[in-house]
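Visitor: Please choose one part of this model and look at it closely. I would like to know what surrounds it and how it is packed.

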Amino acid sequence: MAHCSMRRKQIPQAGRRHLEHIATASGELGRLGEWLGEYRFREDCLDDGYVWLTCVLAAEGVSTGNAGVGCIITDSQGDVVAGGHNQVFAPYFRSDLHAEMVVLNTFETVNRDLDRLHGYTLYTSLEPCPMCTVRIITSGINRVLYAADDVTGGMLRTIERLPDVWTGLAARQTFARADCSPALIRVAAEIFLLNIHELNERIAERGMPGH
C-alpha cells in the first residue's frame with residue numbers, strides 16, 4: 001500500500017484486494033483472511049473500518065514472512081494517506097522496519113514540507129513497542145490509536161515509564177485504544193501471534209555464535 005490517497009468509503013474495496021491471496025492461504029492465516037473478507041463494519045464503532053484495514057495489512061505481513069502488524073495514517077478528513085505492514089524479515093532483514101516505521105518513513109518522505117500534524121491519526125493493529133513509541137512521539141502525529149495489547153512488548157499502556165523528555169513531548173499527543181469491535185481486537189491479536197514465536201527465534205539466532 002505504502003503512499004496512497006484513499007477515501008474512507010474506498011477502504012472495503014481496497015482491503016479486499018489485499019485479501020484476495022490471503023483468503024486462499026492454508027491453515028490459520030487462510031481462516032483469518034476469510035473472516036476479514038466477510039466482516040462488516042460496525043456503525044457504532046467510529047474506528048472499525050480503519051482497524052479492519054490494519055488487520056488486513058497485518059495478515060498480508062504474515063503472508064510475506066513478516067510479523068503480523070499493520071498500520072495506516074489518516075488525515076484530518078479521515079482519508080488514508082499511507083499504509084503498510086511489518087517488513088523486518090522480507091524481502092531482506094531490516095531490524096528497524098516495524099509497521100509503524102514503514103508507514104512513517106513513507107509519510108514523512110512524501111510530506112517533507114509538512115510541519116504541523118494536527119488532525120492526523122496513526123492506527124495500528126498492535127500496541128507499539130518502545131522503539132516505535134519514541135519514533136511516533138518524535139513525529140508529532142496528533143493521535144495514535146491501536147487495537148490489540150502487546151502484553152510483552154507494548155509501550156503505550158506504560159508510557160509514563162519513558163524518560164522525562166519523551167513523556168513531556170508525548171503530552172501534546174493522544175494515545176488510546178481505537179473505538180472498534182472486540183472481535184477486531186481479538187483478530188488483531190491472533191494475527192500477530194501466528195508466527196511471532198518463530199520470528200523471535202530467528203532474531204535470537206542472529207546474536208548467537210556462528211557454527
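Guide: What follows is a close look at one helix, its partners and its end, with a second helix pair at the close. This is a predicted model, so local features need pLDDT of at least 70 and side-chain atom pairs count only at pLDDT 80 or more, while totals for chains, interfaces and linings use all residues. Residues are numbered from 1 along each chain as its sequence is written, and side-chain values use heavy atoms, leaving out hydrogens and water.

The part is helix α5, residues 130-139. Helices (H or I, at least four residues) and strands (E, at least two) are DSSP runs, numbered from the N terminus. Of the 10 residues of α5, 7 are buried, so the helix is largely enclosed by the rest of the structure. Buried means under 20% relative accessible area, exposed means over 50%, and partly exposed is in between, with a 1.4 Å probe and protein chains only. The buried residues are Cys132, Thr133, Val134, Arg135, Ile136, Ile137 and Ser139. Their cover includes α4, the strands β4 (121-126), β5 and β6 (174-177), and helix α6 (164-170).

Take α4 to begin with. Two packed helices are described by the angle between their axes and the distance between the axes. Here α4 (residues 99-110) and α5 have axes that come within 10 Å and cross at roughly 25°. The axes are lines fitted to C-alpha atoms, for helices over the stretch in contact, and the angles run from 0 to 180 degrees between N-to-C directions. α4 and α5 are therefore roughly parallel to each other; angles under 35 degrees count as roughly parallel, over 145 as roughly antiparallel, 65 to 115 as roughly perpendicular and the rest as oblique. Their crossing is left-handed, meaning that the near helix is turned anticlockwise from the far one by less than a right angle.

On the α4 side, the contact (heavy atoms within 4.5 Å) involves Glu100, Met101, Leu104, Asn105 and Glu108. On the α5 side it involves Met131, Cys132, Arg135, Ile136 and Ser139. These residues divide into 5 nonpolar, 2 polar and 3 charged. Ala, Val, Leu, Ile, Met, Phe, Trp, Tyr, Cys and Pro count as nonpolar, Asp, Glu, Lys and Arg as charged, and the others, Gly among them, as polar.

Next comes the end of α5. Just after the helix, Gly140 takes a positive phi of about 80°. Strand β5 covers residues 143-148 and contains Arg143. Arg143 counts as partly exposed, at 32% relative accessibility. Apart from neighbours within four places in sequence, Arg143 touches Tyr120, Thr121, Leu122, Tyr123 and Thr174.

On the other side of the story, the loop between β3 (80-85) and α4 holds Pro91. The peptide bond from Ala90 to Pro91 is cis, with omega near 15°. Most peptide bonds are trans.

A second helix pair can be set beside the pair just described. α2 and helix α7 (residues 182-193) pack at about 155°, with axes 11 Å apart. That makes α2 roughly antiparallel to α7. The crossing of α2 with α7 is left-handed. Arg31, Leu32, Trp35 and Leu36 of α2 meet Ala183, Leu184, Arg186, Val187, Glu190 and Ile191 of α7. This contact has 7 nonpolar, no polar and 3 charged residues.
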